[in-house]
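Some labels in a structure description rest on a number and a cut-off. The questions below ask for both.

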Amino acid sequence: MSRYNFKATEKKWQKTWEEKRCFHVEPDPKKEKYYVLEMFPYPSGRIHMGHVRNYTLGDVVSRYKKAIGFNVLHPMGWDAFGLPAENAALANNIAPAKWTAENIRTMKQQLKGMGLSYDWTREISTCDPEYYKHEQKMFLDFMDADLAYRKQSWVNWDPVEKTVLANEQVIDGKGWRSGAQIEKKRLSQWFLKISKYSEELLTDIKKLTKWPDRVRTMQENWIGRSEGLKIDFPVVSSDEKIEVFSTRPDTLFGATFCALSPTHPMSEKLALKDPEIAKFVDECNRIGTSEAAIETAEKVGILTPLEVEHPLIEGKKLPVFIANFVLMEYGTGAIFGCPAHDQRDFEFAIKYGIEIIQVVKPKSPTVLKLPLSEAYSGQGVLINSGFLDGLDIEGAKKQVAEKLIASGSAKKEINFRLRDWGVSRQRYWGCPIPVINCDDCGIVKVPESQLPVTLPEDIEFKKTSNPLVNHPNWKNVSCPNCAKPATRETDTFDTFFESSWYFARFCCPDSSKPLDLGSLKYWMPVDQYIGGIEHAVLHLLYSRFFTRALKECGHIEISEPFTGLMTQGMVCHETYQDKAGAWLFPDEVHKGPTGKWEKDDGSSVEVGRSQKMSKSKKNVVDPEKIINEYGADTARLFMLSDSPPDRDLEWTDSGVEGAWRYINKLWKMVSEPHLDINQRLESEPDIKDSVLKNTLKSIHKTINNVSKELESFHFNKAVALIRELTNELESIDPDKPDASFVYRKGIETATLLIAPMLPHLAEEMWEKLGADHLVLDTPWPSYEPALLEDHTCTIVVQINGKIRGSMELPIDLPEAEVQTIAMKIENVQKLLDNKTVQKMIFVPNKIVNFVV
RNA sequence: GCGGACGUGGCGGAACUGGUAUACGCGUUGGACUUAAAAUCCAAUGGCUUUAUAGCUAUGAGGGUUCAAGUCCCUCCGUCCGCACCA
């Protein structure tokens, strides 16, 4: 018998959809809109399984929403600027623009082969000057709105390559190519004032009820609002003071030292005079710029000659340290240390022999064991704290604040962990920052008439430094203001800049203005955004901020870009290593005759646990290979049927084969049916047979249940429900009257329900069923509410919570009646004999539980 | 280090507001078809005792609340994601 010819079929329907422009949409005021968006890919070369998963999820949502009547916008484009293009340029001597364009061409072909329902007429590529010119205009508007500014900031500096490295290019404090110990270097850079919206971004995230809770919590913690006190510690025999931010001013009487960040201005001043301190500060500057690197580094400090006065204890002086774990970016860049009640301070105090004073006493045990083995940060009552003694923490905070504020040595402050967004990158392959530096006029904006500032293409790539810096023709210009010789800004934007507004541009890809308000009004916001959990904070938070900034500049009228968010887990695969420990591709190994994994030459293979697919571990499967061997529908079905979208998915060959088998089964049900499917459904016959009647009910229930599962994005459950239905249809007895009616009804329903997941197969089945129009143009099936209701239910009988029997009873039977029937069950009767029922629990239509 | 999640058969997973744990699929075993294999179809399938009936036991580990816990609470273990210049 012949198998389903996916190659011809998939090509046929892809062609049909394209010719009929099935996915092209325009605003239609008569129809409700739905905007589905998947995170656009970085064109790294070829699509990988993560893309296949992401875009399959989006496609199912898009096709389902279209079927239930929405005007669906579903666009795709390219996040085309970024570091890999520069790495490729260095490695293979190919221009980033050329490399990127080639990758886009390949990946677009691959995506088209998946049968995704994109409106390709809206395609955008962020490295296209037609795209980034608008971004430059937006930046100029941000400058005018006081949302962009320049300040000194740190970068990772590779002293051998003489270039700035990204955090991922710093491995264990060393440059990834040069291996040289990296240094921190201060550069003047552009920042966007995301901090202006800290409060708003925090309060508004509570309203995003269609976002996963974990993403909302992560953003809340990232923004990190904390209320506290900014306290002055006067420096002994000096006019200066150290400002310290603390959320625990109640522990002030337990303060035994102060510590400054190594990059605190006072630390730098001290370093100028003291070579020991200078050496220490230098060493701190060797730790990378990433927070993880700083926080995991051993906590070290150095004592300075400074002392500060305790603001509450007359005559008490505290030593001042410089400590590597104090961050300049948070609070004031200085802390007071209370070792008894802060674990980091505690460890620091032990290490440097600093006094530890307990000031909070837990309610129980009443005495903390001394010496303390760790800091106590729980609730309790103040001790050793003068006028605060006996108060609880909250009360003490209030009293301290009042006293210090009254004396003028402190003020209340709300602090955010969120820092302003640094958007300058010392790289070539990014959007040029449209400003000119003039010795006389300072920073001058590039006039709008001269936009876009495009990237020069006659460049030379060297390991050392940005080609823009070494390009005199591009860099040297005359000042737009005074016409004197000036230089362009050679930094380019962070690539998060492009991805912070692309979703809005999709609504009006051809607009001459950055954004067309009319189109945006119809399409925005994105109703369902889908992408990896790794973007939970940065990309999503930047986009939320950027939308607000655009609103402030009149480019958009909404604040929140994404109403719904679905985060998808990763695609994983087993890992394989040969005897020497070298990673092997899944293609290079197979199961030998004894069931053990081996290489093609018969040597044994170590099978490792399943991990995220990555090129470095070679545990990758090329989507194109799967699509060539089994077809796009099989790949899509596998992606959807096993794991729920937010969990990691394990790629297995047997799972793929299972999906392929089911596709063939469906196809056979219409091409070689054991029942006549040509009987058209005009009016429903009155079905007498109870089995067929139940099957008909199953069909209606499946419509209802699958719709519910699709609404809540439980695609794996939707697939399971459809499989159950087709299993039931297969067992229809062809000899019964009306059997072929029920069968046809069932198969039609299954075809329509599976269509969002298996669009090619569904069209083919639909055609075989004799339809004269596409599934795409067919509305979602509807169900008969009366057929969803059951007349009987299974009630479980328990004794002391253990199941001892069950019974099939009419629905909504009263308690007493159910009880009587339950007691008559043989097994129950036996077990209840000689026992008194103390209590009976009855859950209607579910359970009777006898407690004896 | 900090923040966030996850953990259910041999495997991926299902179980709505605490109420029949293991739906659906994969794998395995047995059978049918075949000269044979593949494909397909049928049946069985958490573990233990048992012919079956039936019983005991099981949702990372340990404790608790409850008539009843995968679900709620506490402690611990393991795995994964993010940490501001990867995208």
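**Polar contacts and packing**

Q: What makes the pairing of Glu295 with a sugar or linking oxygen of RNA strand B a polar contact?
A: In this predicted model, an N or O atom in the Glu295 side chain is 3.3 Å from a sugar or linking oxygen of RNA strand B. The cut-off is 3.5 Å for a pair of N or O atoms, so the pair counts as a polar contact.

Q: How do you know that Arg425 and Arg647 make polar contacts with phosphate oxygens of RNA strand B?
A: The side chain of Arg425 places an N or O atom 2.8 Å from a phosphate oxygen. For Arg647 the distance is 3.1 Å. Both values are within 3.5 Å, so both pairs qualify.

Q: What surrounds RNA strand B, and which part of the strand faces the protein?
A: 67 residues surround the strand; Asn167, Arg427, Arg609, Lys717 and Asn849 are the closest. Sugar or phosphate supplies 69% of the strand's atoms within 4 Å of the protein, and bases supply the rest. By class, the surface has 21 nonpolar, 23 polar and 23 charged residues. Helix H21 (residues 715-730) gives the largest share, 6 residues.

Q: Why is helix H18 called oblique to helix H23?
A: H18 (residues 632-641) and H23 (residues 759-768) pack at about 120 degrees, with axes 8 Å apart. Roughly perpendicular covers 65 to 115 degrees and roughly antiparallel starts over 145, so the pair is oblique.

Q: Which residues meet where H18 packs on H23?
A: Ala632, Asp633 and Arg636 in H18 meet Pro759, His760 and Leu761 in H23. That contact has 3 nonpolar, 1 polar and 2 charged residues.

Methods: Residues numbered from 1 in each chain as written. Chains lettered and ligands numbered in written order. Predicted model: local features only at pLDDT ≥ 70, side-chain atom pairs only at ≥ 80, totals over all residues. Heavy atoms only, no water. Axes fitted to C-alpha atoms, helices over the stretch in contact; angles between N-to-C directions. Helix = DSSP H or I, 4+ residues; strand = E, 2+ residues; numbered from the N terminus. Parallel < 35°, antiparallel > 145°, perpendicular 65-115°, else oblique. Contact = heavy atoms within 4.5 Å. Nonpolar A, V, L, I, M, F, W, Y, C, P; charged D, E, K, R; others polar. Near = heavy atom within 4 Å. Polar contact = N/O pair within 3.5 Å; in protein donor to acceptor, adjacent residues only side chain to side chain.
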